[in-house]
Amino acid sequence: MNDRTSVKALPGAWRRRAKALRRYGSEPPAIALERCAAELEDTIAERDETTFSLVEASRESGYSADHLGRLVRDGKIPNAGRPGAPRIARRHLPRKAHAPAGPRLAEMRRSGDVSNVQIVQSIIDCIASFQYDP
């Protein structure tokens with residue numbers, strides 16, 4: 001199982017743990033786990049649907065905007081935008097092994113308060129940055 005799959009599997013694992021907790025009468029922790037599972041699922045779905053222009057996608061992926069444009073034109077990456085103004089959904093974005101996945105939690109903390117969604121996003125980005133997609 002790769003890192004991304006394991007992150008996506010967390011909500012199911014948390015719900016199974018919540019079910020086990022309920023069997024032993026631990027309702028509040030079970031509710032907390034179910035809320036965390038729902039929040040993580042929502043964050044993953046929202047994150048995967050985020051789209052980038054070719055220039056933004058280039059910064060995220062480590063590939064040039066020209067290369068990404070060719071991949072879209074050749075149909076290797078679906079165009080999440082419109083003809084003449086392509087966009088790439090994060091879930092389809094290839095990454096070079098050394099490309100940074102985005103701002104780290106420590107950087108976000110310096111700019112002010114950090115929400116739970118931002119923390120989950122940072123964890124997902126960190127895990128995704130360790131993937132190798134040739």
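Buried means under 20% relative accessible area and exposed means over 50%, with partly exposed in between. The exercises below apply these terms to a predicted model.

**Exercise 1. Establish how many helices and strands the chain has, and in which order they follow one another.**

Solution. The secondary structure amounts to six helices and two strands, and reading along the sequence gives the pattern α-α-β-α-α-β-α-α. The chain has 134 residues, of which 31% count as buried. Turning to contacts between residues at least 6 apart in sequence, one finds that 61% of them join residues at least 24 apart. The accessible surface comes to about 8,500 Å², and carbon and sulfur atoms account for 54% of that surface.

**Exercise 2. Determine which residues of helix 3 are buried, and how they are arranged around the axis.**

Solution. The first step is to list the buried residues of helix 3, which are L54, A57, S58, E60 and S61. Because these residues cover an arc of only 165° around the axis, they lie on the same side of helix 3. An α-helix has 3.6 residues a turn, so residues three or four places apart point the same way. The next step is to look at the other side of helix 3, where V55 and R59 are exposed. Finally, the packing partners of the buried residues are strand 1 (51–53), helix 4 and strand 2, while the residue that follows helix 3 is G62, with a positive phi near 95°.

**Exercise 3. Describe the surroundings of S61, a residue of helix 3.**

Solution. With a relative accessible area of 0%, S61 falls under the 20% cut-off and is therefore buried. Its side chain reaches the backbone nitrogen of Y63 at 3.1 Å. As for a position remote in sequence, A97 is 36 residues from S61 along the chain, yet the C-alpha atoms of the two are separated by 8.9 Å.

**Exercise 4. Locate R90, decide whether it is buried or exposed, and find which side chain it contacts.**

Solution. R90 belongs to the loop between strand 2 (87–89) and helix 5 (105–110). Its relative accessibility is 12%, which is under 20%, and R90 therefore counts as buried. The side chain of R90 is joined to that of E60 by a polar contact of 3.3 Å, and E60 is itself one of the buried residues of helix 3.

**Exercise 5. Work out which residues of helix 4 are buried and which elements they pack against.**

Solution. In helix 4 (residues 65–73), the buried residues are L68, G69, L71 and V72. They lie on the same side of helix 4, because the arc that they cover around the axis is only 160°. On the other side of helix 4, D66 and R73 are exposed. The buried residues pack against helix 3 (54–61) and strand 2, and after helix 4 comes G75, whose phi is positive, near 80°.

**Exercise 6. Find what lines the largest pocket, and which helix gives the most to the lining.**

Solution. The largest pocket, with a volume of about 200 Å³, is lined by V7, L10, W14, C36, E39, L40, N116, I119, V120, I123 and I124. Assigning these residues to elements, one finds that those giving two or more residues are helix 1 (3–23), helix 2 (27–49) and helix 6 (116–128). Helix 6 gives the most to this lining, with five residues.

Methods
Residues numbered from 1 in each chain as written. Predicted model: local features only at pLDDT ≥ 70, side-chain atom pairs only at ≥ 80, totals over all residues. Heavy atoms only, no water. Helix = DSSP H or I, 4+ residues; strand = E, 2+ residues; numbered from the N terminus. Buried < 20%, exposed > 50% of the residue type's maximum accessible area, 1.4 Å probe, protein only. Polar contact = N/O pair within 3.5 Å; in protein donor to acceptor, adjacent residues only side chain to side chain. Contact = heavy atoms within 4.5 Å. Areas by Shrake-Rupley, 256 points an atom, 1.4 Å probe, with all protein chains shown as cover. Arc of directions from axis to C-beta. 1 Å grid on protein atoms, 1.4 Å probe; cavity = no way out; pocket = protein on both sides within 12 Å on 5 of 7 lines; lining within 4 Å. Points joined across faces, edges and corners; volume = space filled by probe spheres on them.
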